[in-house]
Amino acid sequence: MKKKICVVTGTRAEYGLLSHLMKEIKARPEFLLQVVVTGMHLSPEFGLTFKEILKDGFEIDQKLEILISADTASSVTKSIGLGFLGFADAFEKLKPDLLIVLGDRYEILAAASSALIFNIPICHIHGGELTYGAYDDAIRHSITKMAKIHFTAAKEYRNRVIQMGEDPNFVFNVGGLGVDSILRLPVIPKEKLEEELKFSFGKKNLLVTFHPETLSAETPANQFNELLAALDQLEDTSLIFTHPNSDNGGREIILLIESFVKNHKNAKSYSSLGQVRYFSCIRYVDGVIGNSSSGLLEVPTFKKGTINIGNRQSGRLKAESIIDVSTSRNSILDGIRELYSNDFQNRLQSVVSPYGDGQSTEKMIKILEEIKFDSLLEKKFFDLPLIETI
């Protein structure tokens with residue numbers, strides 16, 4: 001009998017990371033892939049990106065509409081509640097043998113919590129990481145405690161998952177899936193990309209991707225206005241904006257982007273580029289600016305610089321191509337000047353990403369093939385030797 005492996009995805013970025021693993025699961029005769037789509041994938045506001053999943057040849061077993069059209073703490077909390085209702089029906093119908101989830105989004109918290117109650121073993125990807133500036137940090141650690149199998153992106157993250165009491169025999173350092181995608185996906189030629197995006201690359205080019213910093217006393221709108229004030233001072237620089245995710249304050253940022261683009265001919269915005277266009281854009285820009293995890297996990301593989309703003313990504317491992325700046329416009333401008341400096345550009349070619357060699361998918365599949373699924377429910381806390389501090 002085939003083992004039913006259910007993959008849940010709620011965002012374009014997360015699907016981009018999971019898609020190659022999903023293809024490999026689908027191709028294995030011993031596995032039956034189940035796909036549950038939720039969150040931003042089903043929202044016109046965020047590009048209806050579930051269509052990309054269908055376009056890639058996957059069948060969607062269940063669509064769960066949980067996103068409330070607002071970006072307040074109340075609406076996000078209610079969306080999590082709707083997630084619980086939806087996943088109860090989905091898991092009752094699909095009865096998977098294993099749930100695979102990635103990361104730290106609130107949609108995934110609802111999926112993992114529901115699977116826990118259904119006695120469905122959970123495999124968690126990208127645990128052990130830290131992001132002090134977002135409540136995603138606590139969600140990620142919570143999912144770690146519900147999961148039995150852990151695929152981490154670096155040795156330091158594997159150690160942290162074990163430090164949280166997880167059995168080392170089920171914690172595997174396989175590297176980051178983003179590097180896999182970069183090495184597997186085609187590159188769109190520059191002229192064709194310009195035609196598809198209706199955008200002309202200029203003398204200088206930056207890709208801007210900024211999400212709400214959900215654990216900050218400063219509002220996301222105020223932070224983003226500082227970024228726009230810095231970008232407004234640039235000359236001969238073309239700007240590609242991607243929309244933020246659906247966290248608290250995300251829609252305010254979208255409105256600010258659209259207002260800026262309306263008044264700047266050198267800028268264009270996109271609700272979703274899709275992973276192939278996104279990675280192709282990175283190849284043709286001078287650097288990425290914002291606070292997306294992609295700037296740390298994926299951009300270094302392209303030998304491009306990342307200007308990382310604020311604390312959203314604080315705690316993650318960083319390559320030497322990361323320029324950390326505060327949320328003030330002056331600090332951001334200092335970061336841009338460093339990005340374009342000859343010294344920084346000369347250093348980029350020797351940058352090494354801390355997130356693996358692009359073989360993560362193969363490593364995960366091999367482990368899934370070897371693990372006995374019926375042994376995954378029982379969990380015991382793995383104690384480390386205690387260091388007395390008192």
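## Exercises on rings, cysteines and cores

Phenylalanine 224 is buried, its relative accessible area being 1%. The structure is a predicted model, and the exercises below start from this residue.

**Exercise 1.** Classify the geometry of the ring pair formed by phenylalanine 210 and phenylalanine 224, and state which parts of the chain the pair ties together.

*Solution.* Begin with the burial of the partner: phenylalanine 210, at 2% relative accessibility, counts as buried. Next, take the two quantities that describe a pair of aromatic rings, namely the distance of the centres and the angle of the planes. The structure holds 13 aromatic pairs. For phenylalanine 210 and phenylalanine 224 the ring centres are 5.4 Å apart and the planes stand at 50 degrees, so the pair is tilted. Then locate the residues: phenylalanine 210 lies in the loop between β8 (204-209) and α9 (220-232), whereas phenylalanine 224 lies in helix α9, so the pair ties together parts that are 14 residues apart in sequence. Finally, ring pairs join Phe210 and Phe224 with Phe241 and Phe260 in a cluster.

**Exercise 2.** Find where the charged ends of lysine 148 and lysine 204 sit.

*Solution.* Lysine 148 places its charged end over the ring of phenylalanine 170, at 4.4 Å from the ring centre. For lysine 204, the ring beneath the charged end is that of tyrosine 340, with 4.9 Å to its centre.

**Exercise 3.** Decide how many disulfides the structure contains, and examine cysteine 6 and cysteine 123.

*Solution.* A search of the whole structure gives zero disulfides. The cysteine sulfur nearest to that of cysteine 6 belongs to cysteine 123 and is 12 Å away, while a disulfide needs the sulfur atoms within 2.5 Å. Seen from cysteine 123, the nearest cysteine sulfur is that of cysteine 6, and cysteine 123 is likewise in no disulfide. As to exposure, cysteine 6 is buried at a relative accessible area of 0%, and cysteine 123 also counts as buried at 0%.

**Exercise 4.** Describe the largest nonpolar core and the surroundings of isoleucine 125.

*Solution.* The largest nonpolar core has 34 residues, and those with the most contacts inside it include Met22, Leu98, Ile125 and Phe151. Among the elements that give two or more residues to this core are β1 (3-9), α1 (12-27), β4 (98-102) and α15 (360-370), and α1 gives the most, with six residues. Turning to isoleucine 125, its contacts beyond four places in sequence include Leu18, Leu21, Ile100, Phe151, Leu177 and Met364. Apart from the largest core lies another, of 29 residues, including Leu234, Ala267, Ile332 and Val351.

Key:
Residues numbered from 1 in each chain as written. Predicted model: local features only at pLDDT ≥ 70, side-chain atom pairs only at ≥ 80, totals over all residues. Heavy atoms only, no water. Buried < 20%, exposed > 50% of the residue type's maximum accessible area, 1.4 Å probe, protein only. Phe/Tyr/Trp six-rings, centres within 6.5 Å; stacked < 30°, edge-to-face > 60°. Helix = DSSP H or I, 4+ residues; strand = E, 2+ residues; numbered from the N terminus. Lys NZ or Arg CZ within 6 Å of the ring centre and 35° of its normal. Core = buried A, V, L, I, M, F, W, Y, C linked by side-chain atoms within 4.5 Å. Contact = heavy atoms within 4.5 Å.
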